[in-house]
Amino acid sequence: MFERVAADVVVLIHAAFIVFVVAGGLLVLRWPRVAWLHLPAALWGATIEIVGGICPLTPLENALRRAAGESGYAGGFVEHYLLPLIYPAALTRELQLGLGLGVMLLNVLLYGVVATRRQRRRRENRRGDDGKA
């Protein structure tokens, strides 16, 4: 029973991590310091997809499921849980590469917005300090 619950918790953590990797840049728009957590997470997530790797949480989940008397699954988390929800076909190498590049592009755009906002604020602060309007 413990192993099954632990495997389910790993799935939830894995899903939350993926959401953070994909959309965490939106949090950075509001709280710029989140970037210290998000950048390494996004880099890890994109790298795993681009190189065709499997996140270490997947084998952990499978080991817990087998320990609970269930069967594990082949492939990665995205292929097993997310892809059936989004795409009817199996995960292809091209799709995996596209997902990784898409995560990188989305986050580059979001961080560009963060940088632009920060630069604009600095200019406005300098104008205020100089007494110029």
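Let's start at the beginning of the chain: Met1 lies in the segment before α1. Keep in mind as you look around that this is a predicted model.

**The surface**

Is Met1 buried or exposed? Met1 has a relative accessible area of 74%, and because exposed means over 50%, Met1 counts as exposed. Together with Val5, Val9 and Ile13, Met1 makes a nonpolar surface patch of about 400 Å².

Another residue to find is Val51, which belongs to helix α2 (residues 35-51). Val51 is exposed too, and its relative accessible area is 58%. If you follow the chain from Val51 to Gln96, the two are 45 residues apart, while their C-alpha atoms are separated by 8.9 Å.

Here are the two exposed residues side by side:

| Residue | Location | Relative accessible area |
|---|---|---|
| Met1 | segment before α1 | 74% |
| Val51 | helix α2 (residues 35-51) | 58% |

**The interior**

Now for a look inside. How many cavities of 30 Å³ or more does a search of the whole structure find? The search finds 1. About 40 Å³ of space lies in the largest cavity. Its lining is formed by Val28, Leu29, Pro32, Val114, Arg117, Arg118 and Arg121. Two elements, α1 (2-30) and α5 (93-130), each give two or more residues to this lining. Which of the elements supplies the largest share of the lining? That is α5, with 4 residues.

The lining of the largest cavity also has a mixed character: 4 of its residues are nonpolar and 3 are charged, with no polar ones.

Notes
Residues numbered from 1 in each chain as written. Predicted model: local features only at pLDDT ≥ 70, side-chain atom pairs only at ≥ 80, totals over all residues. Heavy atoms only, no water. 1 Å grid on protein atoms, 1.4 Å probe; cavity = no way out; pocket = protein on both sides within 12 Å on 5 of 7 lines; lining within 4 Å. Points joined across faces, edges and corners; volume = space filled by probe spheres on them. Nonpolar A, V, L, I, M, F, W, Y, C, P; charged D, E, K, R; others polar. Patch = residues over 30% accessible without salt bridge, like charges linked within 9 Å, V, L, I, M, F, W, Y side chains within 5 Å. Areas by Shrake-Rupley, 256 points an atom, 1.4 Å probe, with all protein chains shown as cover. Salt bridge = Lys/Arg side-chain N within 4 Å of Asp/Glu carboxyl O. Buried < 20%, exposed > 50% of the residue type's maximum accessible area, 1.4 Å probe, protein only.
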